[in-house]
Amino acid sequence: MSNFGILPPWLVLDPLLHSWLLEDIGRGDRTTNSLLVKDVKPGTAKWVAKAPGIIAGLPVAGRVFQLVNEKVSFVSMTDEGAWCEAGQLVAKIHGPLDALLMGERVALNLAMRLSGIATLTNKYVEQIADLPAQLVDTRKTIPGLRLLEKYATSVGGAINHRMGLDDAVMIKDNHIAAAGGIGEAITRIRSHIPYPLTIEVETESLEQVKEALEHQADIIMLDNMSLDIMSDAVQLIRQKYSHIKIEASGNVTLDTIRAVAQTGVDYISSSAPITQSKWLDLSMKIPLQ
């Protein structure tokens, strides 16, 4: 069972949707505007899934059509986050034909992209569903699509990691190199960040884990560690400070995620559900007028 992600308000999303509609429509839809010069009749379209998967992005698709023309009615025929089979009816859209034709591509593109992400995310989540570890996403997203791509991972059952650089502190390898060490990085950053931001530190060895513990990092990421070293790191952290959260990351796949979860980490971060997902094929059909 997939989670229900929470979409940002339309106040935030509408400028993005407007820009994508403008990119596609440009100075006007030459085909539609030439076809429907005199009389724009109302019409009905159906969305059908052409492959099995989890549906995500239907509210966004409906909003796209309404931005083209507020008279369009978009009715979802399946729940957001539900599993659909090939051939299943996903949505019905009714409204002026020109709006249906002009909004079709942007709406479908977004729903197919988000559904693909939700579908692959859920496959990862199912691998560890009986274990305490939880899957989290990353910032490896397409510029402009982050809010929606991360929404899709939450629909698929994952938890969102930070949305941007202003959300939380994550000290990565290059930050450590720039500061001259983990301890120096934590000390400098802690004196500047506001309460209640937490500090997460990326570690690649047991020595770095010990340094992060010494300087009381709130979250410790175990990056690209072997399973044996990761298990040792988890035990070390649990023995020292039981409240510290532990995240594993680095080359996590459907074949390896369960073994990673069995080391005892709290979270497993992976970009794969977004970067390696395949669009879920959806089609829109308007009956002959």
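Eleven helices and twelve strands make up the regular elements of this protein, and keep in mind that you're looking at a predicted model. The chain has 289 residues, and 47% of them count as buried. Take the C-alpha atoms along the principal axes and they fill a box of roughly 75 × 40 × 25 Å.

**The whole chain**

- Look at contacts with a separation of 6 or more: 72% of them are between residues 24 or more positions apart.
- On the outside, the protein exposes about 14800 Å², and carbon and sulfur atoms supply 53% of that area.

**The nonpolar cores**

- The largest nonpolar core has 43 residues, and Trp47, Phe65, Leu110 and Leu282 are the ones with the most contacts inside it.
- Several elements each supply at least two residues of this core: the helices α1 (10-25), α3 (58-68), α4 (97-127) and α5, plus the strands β1 (42-49), β5 (89-96) and β12 (282-285).
- The largest share comes from α4, which puts in twelve residues.
- Want to follow one core residue around? Leaving aside its neighbours within four places in sequence, Leu282 is in contact with Val48, Ala49, Lys50, Ile55, Val90, Leu108, Ala111 and Met112.
- Apart from this core lies another one, of 37 residues, and Ile171, Ala179, Ile186 and Leu222 are among them.

**The pockets**

- About 490 Å³ of space lies in the largest pocket.
- Its lining has 24 residues, and Thr138, Lys140, Lys172, Ser249 and Ser271 lie nearest the centre.
- Three elements give two or more residues to the lining of this largest pocket, namely β9 (219-223), β10 (245-249) and α11.
- Sort the lining of the largest pocket by class and you get four nonpolar, twelve polar and eight charged residues.
- The second largest pocket has a volume of about 230 Å³.
- Lining the second largest pocket are Trp20, Glu23, Asp24, Arg105, Val106, Asn109, Leu110, Arg113, Ile142, Leu145 and Trp279.
- Here the elements that give two or more residues to the lining of the second largest pocket are α1 and α4, and α4 gives the most, with five residues.
- The residues lining the second largest pocket split into six nonpolar, one polar and four charged.
- Leu110 turns up twice in this tour: it lines the second largest pocket and is one of the residues with the most contacts inside the largest core.

**The closed cavity**

- How do you find a gap like this? Rolling a probe the size of a water molecule over the atoms shows where empty space is left.
- The structure holds one cavity of 30 Å³ or more, and about 40 Å³ of space lies in the largest cavity.
- Thr121, Leu135, Val136, Asp137, Thr153, Ala158, Ser270, Pro273 and Ile274 line the largest cavity.
- Both β6 (134-136) and α11 (272-275) give two or more residues to that lining.
- By class, the residues lining the largest cavity are five nonpolar, three polar and one charged.

**A close look at His161**

- Where does His161 lie? You'll find His161 in the loop between α5 (146-155) and β7 (169-171).
- Is His161 buried or exposed? His161 counts as buried because its relative accessibility is 18%, and the cut-off for buried is under 20%.
- Skip its neighbours within four places in sequence, and His161 is in contact with Val136, Asp137, Lys150, Met170, Glu200, Glu247 and Ser269.
- Val136 and Asp137, both in contact with His161, also help line the largest cavity.

Methods:
Residues numbered from 1 in each chain as written. Predicted model: local features only at pLDDT ≥ 70, side-chain atom pairs only at ≥ 80, totals over all residues. Heavy atoms only, no water. Helix = DSSP H or I, 4+ residues; strand = E, 2+ residues; numbered from the N terminus. Buried < 20%, exposed > 50% of the residue type's maximum accessible area, 1.4 Å probe, protein only. Contact = heavy atoms within 4.5 Å. 1 Å grid on protein atoms, 1.4 Å probe; cavity = no way out; pocket = protein on both sides within 12 Å on 5 of 7 lines; lining within 4 Å. Points joined across faces, edges and corners; volume = space filled by probe spheres on them. Nonpolar A, V, L, I, M, F, W, Y, C, P; charged D, E, K, R; others polar. Areas by Shrake-Rupley, 256 points an atom, 1.4 Å probe, with all protein chains shown as cover. Core = buried A, V, L, I, M, F, W, Y, C linked by side-chain atoms within 4.5 Å.
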